[in-house]
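Biologist: I would like a close look at one part of this protein, and then its setting. Please keep it brisk.

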Amino acid sequence: MEVRSRAPGKVILSGEHAVVHGSAAVAASIDLHTIVSFLPAPAPGVDDGLIVLELEDIRLEFSWPTGRLKEVLPDMGPAPSSPQACSPESMELISGLVDEQNLPEAKVGLASGIFAFLYLYISIQGFKPGRVVVSSDLPLGSGLGSSASFCVSLVGAFLARSGSVELRGQQNSWFRFAENELELVNKWAFEGEKIIHGKPSGVDNTVSTFGNMIMFRSGELTHIKSSVPLKMLITNTKVPRNTKALVAGVSERASRHPQAMASVFTAVDSISKELSTILQLPVIDDLSITEKEEKISELMEMNQGLLQCMGVSHASIEAVLRVTMKFKLTSKLTGAGGGGCVLTLLPTLLSSTVVDKVMAELESYGFQCFIAEVGGRGLEICSSDSS
Ligand SMILES: Nc1ncnc2c1ncn2[C@@H]1O[C@H](COP(=O)(O)OP(=O)(O)O)[C@@H](O)[C@H]1O
Ligand SMILES: C[C@@](O)(CCOP(=O)(O)O)CC(=O)O
Ligand SMILES: [Mg+2]
């Protein structure tokens, strides 16, 4: 039986980085996913005794003989119901197993993802052979939460096969796990994010697991129901960056200037709380929608200013801000910053001609623009007998 899973990426409307330091953040899922297909019982003679990871869009394949994994990692084994952090000893050993794969120079960024894959696979499935095929609609390392959606999707597929969660959906149709099962997925995915990010807040894996829109603060999640559908333009500056390094940079700045940075984080906390309140205010007519969008824009602008204070903006992000400002639109970076993606609120009454003009100007800089559906479903699973 083949198990497939898909988990969405996300945008952060307010609170990135500050959320790592205990402030609230508001985040929503987007309709771009990491898709995992898990085939645990290979045909005899094919992949016999191997754990295989195929990264379909990147056209790379990695494999490990299960015998060798058992030999190198004798203390690890399946414990699907007990999410736990990778021990320092296993860290070193898994790191050696990833190094042996001799990643091409241009793809070394994938090492942490492959590491997380091995840790999650063995922790949930043990040393059973299997083939895992991953594809993604999300640009990797651009602030749209590809790392979290990768971990959530892998964990969903592994748990679905482990017997610790129920495969209750009909064959060939997508279904959602029960709430307590999603909590288990989220805990494991957080352990994967720790491997990729170093010190994640947990907001990305939480919104990818549960979907919709959430406010997140110190591990606590509150579901938000926005009273208006938000239309967001996402501009990918295509400037590569790495979340782990950016998060570490903000922490270093915070240790150099503890009081000033504490005030910045407190200000972000207030912005996220106010944003959450405004998003949920009932709307009566077009005027109240416009007022609401103006307030959201202002809060996004304030958050962007504070992200500049944290040192995570970038010339490419500033270039996007300048273009959208010419059209009286507000933007902020989303995710870790340092390049990556920028979010622009598109007010309901904005004409499509203006949207086309903004996109054309941004694309003339070599940026890539798309409009995202915000606040869709979280992790979903599908099983089939066909393969
Ligand atoms: N589909 C995928 N296949 C393999 N690794 C992935 C995949 N998606 C994400 N990753 C891992 O996550 C890293 C990007 O995570 P990160 O720097 O947090 O950026 P973001 O989460 O914003 O995309 C990649 O370099 C890789 O290690
Ligand atoms: C910067 C941060 O707030 C969000 C990072 O998101 P992304 O990996 O850039 O998509 C880190 C975190 O919350 O774990
Ligand atoms: Mg990430």
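Is His-17 buried or exposed, and how many C-beta neighbours does His-17 have inside 10 Å? Please take that residue, then work outwards to the domains and the ligands.

Modeller: His-17 counts as buried, because 30 C-beta neighbours sit inside 10 Å. The cut-off for that label is 20 or more. Keep in mind that this is a predicted model.

His-17 is placed in the loop between E1 and E2. Its backbone deserves a look too. The phi of His-17 is near 65°, a positive value in a residue other than glycine. Most residues other than glycine have a negative phi.

Arg-59 makes a useful partner for His-17. Arg-59 also has a positive phi, about 55°, and is not a glycine. Arg-59 sits in the loop between strand E3 (50–55) and strand E4 (60–65). Arg-59 is exposed, because 7 other C-beta atoms lie within 10 Å, and 12 or fewer earns that label. His-17, in contrast, is buried.

Ser-95 falls between those two labels. Ser-95 is partly exposed, because it has 15 other C-beta atoms within 10 Å. Helix H2 (residues 88–99) holds Ser-95. From Ser-95 to Glu-193 is 98 residues along the chain, and their C-alpha atoms are separated by 16 Å.

Now step back to the chain. It has 11 helices and 12 strands. Of its 387 residues, 49% count as buried. His-17 is one of the buried residues. The radius of gyration is 21 Å, which agrees with the value near 21 Å for a compact globule of 387 residues. Along the principal axes, the C-alpha atoms fill a box of roughly 65 × 50 × 40 Å. Take the contacts with a separation of 6 or more: residues 24 or more positions apart account for 78% of them.

Next, the domains. The assignment gives domain 1 (2–222) and domain 2 (225–373). Their C-alpha centres lie 27 Å apart. The contact between them takes 30 residues from domain 1 and 36 residues from domain 2. The two strands that flank the His-17 loop return here. Strand E1 (2–14) and strand E2 (25–39) each supply at least two residues of the side of domain 1 that touches domain 2. Helix H5 (179–197) and strand E6 (213–217) each do so as well. By class, that side of domain 1 divides into 14 nonpolar, 13 polar and three charged residues.

The UniProt record adds two spans, both from an unreviewed entry. The annotation "domain: GHMP kinase N-terminal" covers residues 126–211. That span is 51% helix and 8% strand, with its end C-alpha atoms 28 Å apart. The annotation "domain: GHMP kinase C-terminal" covers residues 294–347. There the chain is 54% helix and 15% strand, and the end C-alpha atoms are 8 Å apart.

Last, the ligands. Ligand 1 is surrounded by 22 residues. The closest are Gly-109, Gly-113, Ser-146, Ser-147 and Thr-243. Helix H3 (111–125), strand E5 (130–136), helix H4 (146–162) and H5 each give two or more residues to this shell. H4 gives the largest share, three residues. H5 also serves the side of domain 1 that touches domain 2. By class, the shell around ligand 1 has seven nonpolar, 15 polar and no charged residues. Domain 1 and domain 2 each contribute at least three residues to it.

Ligand 2 has 17 residues around it. Pro-200, Ser-201, Thr-243, Gly-335 and Ala-336 come nearest. Thr-243 is also among the closest residues to ligand 1. Helix H6 (203–210) and helix H7 (243–256) each supply at least two residues of the shell around ligand 2. That shell has seven nonpolar, eight polar and two charged residues. Here too, domain 1 and domain 2 each provide at least three residues.

To return to your residue: His-17 is buried, has a positive phi and lies in the loop between E1 and E2. Both of those strands supply residues to the side of domain 1 that touches domain 2.

Methods: Residues numbered from 1 in each chain as written. Chains lettered and ligands numbered in written order. Predicted model: local features only at pLDDT ≥ 70, side-chain atom pairs only at ≥ 80, totals over all residues. Near = placed C-beta within 6 Å. Helix = DSSP H or I, 4+ residues; strand = E, 2+ residues; numbered from the N terminus. Nonpolar A, V, L, I, M, F, W, Y, C, P; charged D, E, K, R; others polar. Domains from an automatic or database assignment. UniProt positions renumbered as here; feature names shortened; annotations may be inferred. Contact = placed C-beta atoms within 7 Å. Rg over C-alpha atoms; globule rule 2.2 N^0.38 Å.
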